[in-house]
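Q: I'd like a close look at one part of this model, and then at what surrounds it. Here is what I have in front of me.

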Amino acid sequence: MTEGPDDELAERARKLFAGPIEFLKSAPELKFLPDPDVPEIAFAGRSNVGKSALLNALTNRKGLARTSNTPGRTQELNVFDVGRPLQLRLIDMPGYGFAEAPKDLVKRWRRLVNDYLRGRAMLKRALVLIDSRHGLKDVDRDVMDMLDAAAVSYHLVLTKADKVKPTELAKITAATADEARKRPAAHPAIFTTSSETGSGIAELRTAIVAAAVAH
Ligand SMILES: Nc1nc2c(ncn2[C@@H]2O[C@H](COP(=O)(O)OP(=O)(O)OP(=O)(O)O)[C@@H](O)[C@H]2O)c(=O)[nH]1
Ligand SMILES: [Mg+2]
């Protein structure tokens, strides 16, 4: 049997994510980001949705991005270099929609995340993470509105799939896909993932590499 382009991409993604990946820096403001010289993929979503855990699962490195049960763990744009030579960068972002944090802090995070998502030339795709137990919330829709307006291509990614029953998961996936279809900048395919069990992780790796190499 011959390998199709999808198999080749999957294998390329597997190799890339098994190879050198390093934390580069934390940027509290956009001006501290590295020069935009390679494709970037950003992780967005409500606090505690599992952005940092997903980054660790994708890279198969437990402590690369810091995770926590307390919302608000990630407070800056954390930049990870993938590949040597450098192929792409993963950007772990602060969460939005976190009611317990001081108001001015939340405002600052939201501005940082929005400015990055709207204005970053090398951002190839945003991953908007949605907790499988809760589905899309209005704060998620606000971010989707912003990405649609800025024409930034994004994927909706369901997280913590291990926490819901298969029938529930199928329902929430279908409902999420329905909303994605109405969105001009949303990719129609929904990824259903668990950083705990690893389900959906290889597929997302392939999609990341596909987005990074697309023109
Ligand atoms: N069971 C299960 N738990 C998960 C999964 N992903 C994340 N978690 C847990 O959810 C909590 C939050 O995960 P984080 O990755 O820190 O969430 P975050 O989105 O980065 O949060 P902020 O940095 O605060 O915005 C942690 O306790 C994780 O261990 C998953 O797929 N399954
Ligand atoms: Mg985090």
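Let's start with T74: is it buried or exposed, and what is its relative accessible area?

A: T74 is buried: its relative accessible area is 9%, and the cut-off for buried is under 20%. Keep in mind that this is a predicted model.

So what does T74 do in the model? Together with S52, T74 is a protein donor of the magnesium ion (ligand 2): the atoms involved are OG of S52 and OG1 of T74, and they lie 2.1 to 2.2 Å from the ion. The two donors bring distant parts of the chain together, since S52 belongs to helix 2 (residues 51-59) while T74 sits in the loop between helix 2 and strand 3 (77-82), 22 residues apart. S52 is buried as well, because its relative accessible area comes to 7%.

From S52 you can follow helix 2 over to helix 6. Helix 2 and helix 6 pack with their axes 9 Å apart, at an angle of about 90°. That angle is why helix 2 counts as roughly perpendicular to helix 6. On the helix 2 side the contact is made by L54, A57 and L58, and on the helix 6 side by I201, L204, R205 and I208. Sort those contact residues by type and you get six nonpolar, no polar and one charged.

Now helix 6 itself, which runs over residues 201-213. From its first C-alpha to its last, this 13-residue helix reaches 19 Å, close to the 18 Å expected at 1.5 Å a residue. Its buried residues are I201, L204, R205, T206, A207, I208, V209, A211 and A212. It's handy to remember that an α-helix has 3.6 residues a turn, so residues three or four places apart point the same way.

Helix 6 has another partner, helix 1 (residues 5-18): their axes are 8 Å apart and the packing angle is about 100°. Helix 1 and helix 6 are therefore roughly perpendicular to each other too. Here L9, A10, R12, A13, L16 and F17 from helix 1 touch R205, T206, I208, V209, A210 and V213 from helix 6. That contact divides into nine nonpolar residues, one polar and two charged. R205 and I208 turn up in this list and also in the contact with helix 2.

Moving on to strand 5 (residues 123-131), the residue to look at is D131. D131 counts as buried because its relative accessibility is 8%. Skipping its neighbours within four places in sequence, D131 contacts V49, T159 and K160. With T159, the C-alpha atoms are 5.0 Å apart, although 28 residues separate the pair along the chain. K160, one of those contacts, lies in the loop between strand 6 and helix 5 (166-181). K160 isn't a glycine, yet its phi is positive, about 55°.

A bit of background on backbone angles: most residues other than glycine have a negative phi, and most peptide bonds are trans. A151 departs from that as well, with a positive phi of about 55° although it is not a glycine. A151 comes just after helix 4, in the loop between helix 4 (138-150) and strand 6 (154-159). At 62% relative accessibility, A151 counts as exposed. For the peptide bond part, look at R84 and P85: a cis peptide bond joins them, with omega about 5°. P85 is in the loop between strand 3 and strand 4 (88-92).

Helix 4, which leads up to A151, is regular in length: its 13 residues should span 18 Å at 1.5 Å a residue, and its end C-alpha atoms are indeed 18 Å apart. Buried in helix 4 are D140, V143, M144, M146, L147 and D148. Those buried residues pack against helix 3 (103-119), strand 5 and strand 6.

One last contact takes you to helix 5, where E179 lies. Leaving out neighbours within four places in sequence, E179 touches L136 and R141. The C-alpha atoms of E179 and L136 are 8.9 Å apart, with their positions 43 residues apart along the chain.

Definitions and conventions: Residues are numbered from 1 along each chain as its sequence is written. Chains are lettered from A and ligands numbered from 1 in the order in which they are written. This is a predicted model: local features need pLDDT of at least 70, side-chain atom pairs count only at pLDDT 80 or more; totals for chains, interfaces and linings use all residues. Side-chain values use heavy atoms; hydrogens and water are left out. Donors are N, O and S atoms within 2.8 Å of the metal (3.2 Å for Na, K and Ca); water is not among the atoms, so sites may look incomplete. Helices (H or I, at least four residues) and strands (E, at least two) are DSSP runs, numbered from the N terminus. Buried means under 20% relative accessible area, exposed over 50%, partly exposed in between (1.4 Å probe, protein chains only). The expected span of a helix is 1.5 Å times one less than its number of residues. Axes are lines fitted to C-alpha atoms, for helices over the stretch in contact, and angles run from 0 to 180 degrees between N-to-C directions. Angles under 35 degrees count as roughly parallel, over 145 as roughly antiparallel, 65 to 115 as roughly perpendicular and the rest as oblique. Contact means heavy atoms within 4.5 Å. Ala, Val, Leu, Ile, Met, Phe, Trp, Tyr, Cys and Pro count as nonpolar, Asp, Glu, Lys and Arg as charged, and the others, Gly among them, as polar.
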